Amino acid sequence: MLTRQGLILSMRSHLSVPLWFFAFVPYKLGEGLLITLLPLFIVQVAGGSVADVGNIHSIISLAGVVAFIFWGNLSDMMKRRRPFLTIGFLGFAVFTCLIALEQNVSHILLWSFLVGFLMAAVTPVASALVLDSVPDDERAQSFSRFYEISGWSFVAGVVLGAIWLAFMPKYWGIAGAMRSLLLFAGGFASLSLILCLYWVKEPKNAQPRRHFQPQLRGRLGVGVIEERAKVYSARMIYFILHPGILRQAPQLLESPLILYYFCCIAFFFAIQIVFVPFPIFLTDILKATNTQVLLITVSKAIVETFFYIPAGRFIKHRNGITLQAVATGSRVIIFLIFATVALMQPTPASLIIVGVTHLLTGITWAAINLSSMTTIANLTPKGQEGTALGVYNAMIGISTVVGSLVSGWLAKTFGYGICFVTGAVLVGGIAVCLWSLRTTLPTKPQPA
């Protein structure tokens with residue numbers, strides 16, 4: 001039983017957050033606005049198609065996969081953190097504002113690539129900063145709080161967008177309301193640049209290389225919203241691929257882990273097929289307003305965030321791959337409901353059915369995201385966990401690029417129903433494969 005003094009110390013420890021964590025809040029809020037508004041902006045303001053949405057999703061993912069490794073390793077080589085954060089904040093602010101002023105889809109494609117490449121400097125360097133500045137025994141809690149703040153800032157951006165688009169189009173029109181909101185996203189994110197200069201200090205002993213640490217297992221996904229992972233998959237990279245990866249990667253690909261990799265590659269391909277055209281399906285087929293689209297997004301994100309804690313408790317005492325198999329299989333039902341609505345004549349109830357069903361994807365994503373990192377750690381040869389996470393994220397980044405391209409073409413050529421059916425078939429096969437891995441693959445015991 002805690003004494004009064006012990007309780008006070010515990011509360012202080014729980015509530016104590018480095019001030020520089022909050023320097024990221026304006027940027028994360030702006031990121032939430034950009035990611036959720038971009039598909040709608042491309043179609044409704046720039047006159048693009050659902051195929052253009054897929055192409056731009058793909059180019060942002062491609063930029064992120066390359067840039068995460070580039071910026072992270074460059075930061076390690078120079079042993080500096082703050083300059084790379086300023087590059088990311090400034091790049092996001094400038095090119096988001098350029099997107100807001102643009103009318104040409106091909107120009108939006110270019111600005112999206114540049115914003116994806118430059119903003120990719122933020123997360124790996126921020127993760128390195130946590131590792132550099134926080135004592136070893138506090139890293140798990142610090143990472144958890146950092147990504148929690150990040151996740152809720154993202155949600156705040158989506159909520160702000162929903163409120164803005166509910167009222168301003170009647171005064172400024174759809175184009176004016178969206179452009180002003182993206183300009184706000186870029187301008188507000190620039191506050192992170194100012195706060196970074198005041199609050200972020202260079203660590204005294206910058207570590208030249210990141211390594212996987214068991215105490216972080218199951219904690220890093222707290223603030224990762226699936227909406228962000230869909231558009232910018234490399235945002236899931238926490239450990240930068242180090243120069244020895246070319247020597248270690250072949251050993252990983254010869255291990256049982258390769259079977260799990262294939263499941264994850266197929267899964268991320270499947271969710272791109274379903275969710276890249278999803279916002280356009282809501283507005284084009286179900287006649288949802290932009291506010292309703294954002295409310296559906298934020299409601300799902302809130303559900304997802306709340307379910308991280310129970311999902312983490314389950315994984316701590318059980319085989320994470322079991323939970324991942326069940327969560328993945330559940331998406332078969334979700335995607336088939338989407339497909340049924342898409343193939344039938346829309347009614348006023350259609351949007352309600354899809355919106356409520358979409359909440360379930362938040363629950364499944366919390367389970368899948370936490371399970372994936374834990375399972376990779378359990379299936380990887382000792383000492384190679386960091387490389388395994390890097391290879392995993394590089395692979396799913398590539399599958400995301402391809403999935404985005406295919407999704408736009410599939411939706412434009414065959415319709416949204418085919419996208420949802422394809423996704424259901426793929427995740428069904430993946431769930432069966434994951435379920436079989438429970439017994440055929442060796443796993444390490446979870447820590448107590």
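The legends below describe close-up views of a predicted model.

**View 1. Salt bridge between Glu202 and Arg80.** The closest N and O atoms of Glu202 and Arg80 are 3.3 Å apart. The pair joins distant parts of the chain, the two residues being 122 residues apart. Glu202 belongs to the loop between helix H8 (169–199) and helix H9 (226–231), and Arg80 to the loop between helix H3 (50–78) and helix H4 (82–101). Glu202 is partly exposed, because its relative accessibility is 25%. Arg80 is also partly exposed, with a relative accessible area of 38%. A search of the whole structure finds two salt bridges; the other view of a salt bridge follows.

**View 2. Salt bridge between Glu304 and Lys300 in helix H13.** An N-to-O distance of 3.3 Å separates the side chains of Glu304 and Lys300. Both residues lie in helix H13 (residues 290–306), four residues apart, which is about one turn of the helix. Residues three or four places apart in an α-helix point the same way, because the helix has 3.6 residues a turn. Are Glu304 and Lys300 buried or exposed? Glu304 is buried, with a relative accessible area of 0%, and Lys300 is buried at 2% relative accessibility.

**View 3. Helix H13 along its length.** H13 has 17 residues, and its end C-alpha atoms are 25 Å apart. At 1.5 Å a residue the expected span is 24 Å, so the two values agree. The buried residues of H13 include Asn290, Thr291, Val293, Leu294, Ile296, Thr297 and Val298. Also among them are Lys300, Ala301, Glu304 and Thr305, so the list contains both partners of the salt bridge in View 2.

**View 4. Nonpolar surface patch that includes Tyr198.** The patch covers about 690 Å². Leu19, Phe22, Leu191, Ile194, Leu197, Tyr198 and Trp199 make it up. Tyr198 is found in helix H8. With a relative accessibility of 60%, Tyr198 counts as exposed, because the cut-off for that class is over 50%.

**View 5. Aromatic pair of Trp20 and Phe21.** The structure holds 25 aromatic pairs. In the pair shown, the ring centres of Trp20 and Phe21 are 4.7 Å apart. Their planes meet at 85 degrees, and the pair is edge-to-face. Trp20 is buried at 10% relative accessibility, and Phe21 is buried at 2%. Ring pairs link both residues into a cluster with Phe24, Tyr27, Phe89, Phe92 and Phe146.

**View 6. Asp76 and Ala128.** The C-alpha atoms of Asp76 and Ala128 are 8.5 Å apart in space, while the residues are 52 residues apart in sequence. Asp76 is found in helix H3. Its relative accessible area is 6%, so Asp76 is buried.

**View 7. Asp132 and Lys204.** Along the chain, Asp132 and Lys204 are 72 residues apart. Their C-alpha atoms are separated by 8.1 Å. Asp132 is found in helix H6 (residues 122–133). At 14% relative accessibility, Asp132 counts as buried, because the cut-off is under 20%.

**View 8. Positive phi at Lys79 and Lys287.** Most residues other than glycine have a negative phi. Lys79 has a positive phi of about 55 degrees, and phi of Lys287 is near 60 degrees. Where do the two lysines lie? Lys79 is in the loop between H3 and H4. Lys287 is in the loop between helix H12 (278–284) and H13. Lys79 is partly exposed, with a relative accessible area of 47%, whereas Lys287 is exposed at 61% relative accessibility.

**View 9. Cys263 and Cys433.** A disulfide is a covalent bond between the sulfur atoms of two cysteines. How many disulfides does the structure hold? The count is zero. Cys263 is buried, with a relative accessibility of 5%. Cys433 is partly exposed, its relative accessible area being 28%.

Methods:
Residues numbered from 1 in each chain as written. Predicted model: local features only at pLDDT ≥ 70, side-chain atom pairs only at ≥ 80, totals over all residues. Heavy atoms only, no water. Salt bridge = Lys/Arg side-chain N within 4 Å of Asp/Glu carboxyl O. Buried < 20%, exposed > 50% of the residue type's maximum accessible area, 1.4 Å probe, protein only. Patch = residues over 30% accessible without salt bridge, like charges linked within 9 Å, V, L, I, M, F, W, Y side chains within 5 Å. Areas by Shrake-Rupley, 256 points an atom, 1.4 Å probe, with all protein chains shown as cover. Phe/Tyr/Trp six-rings, centres within 6.5 Å; stacked < 30°, edge-to-face > 60°. Expected span 1.5 Å × (residues − 1). Disulfide = S-S within 2.5 Å.
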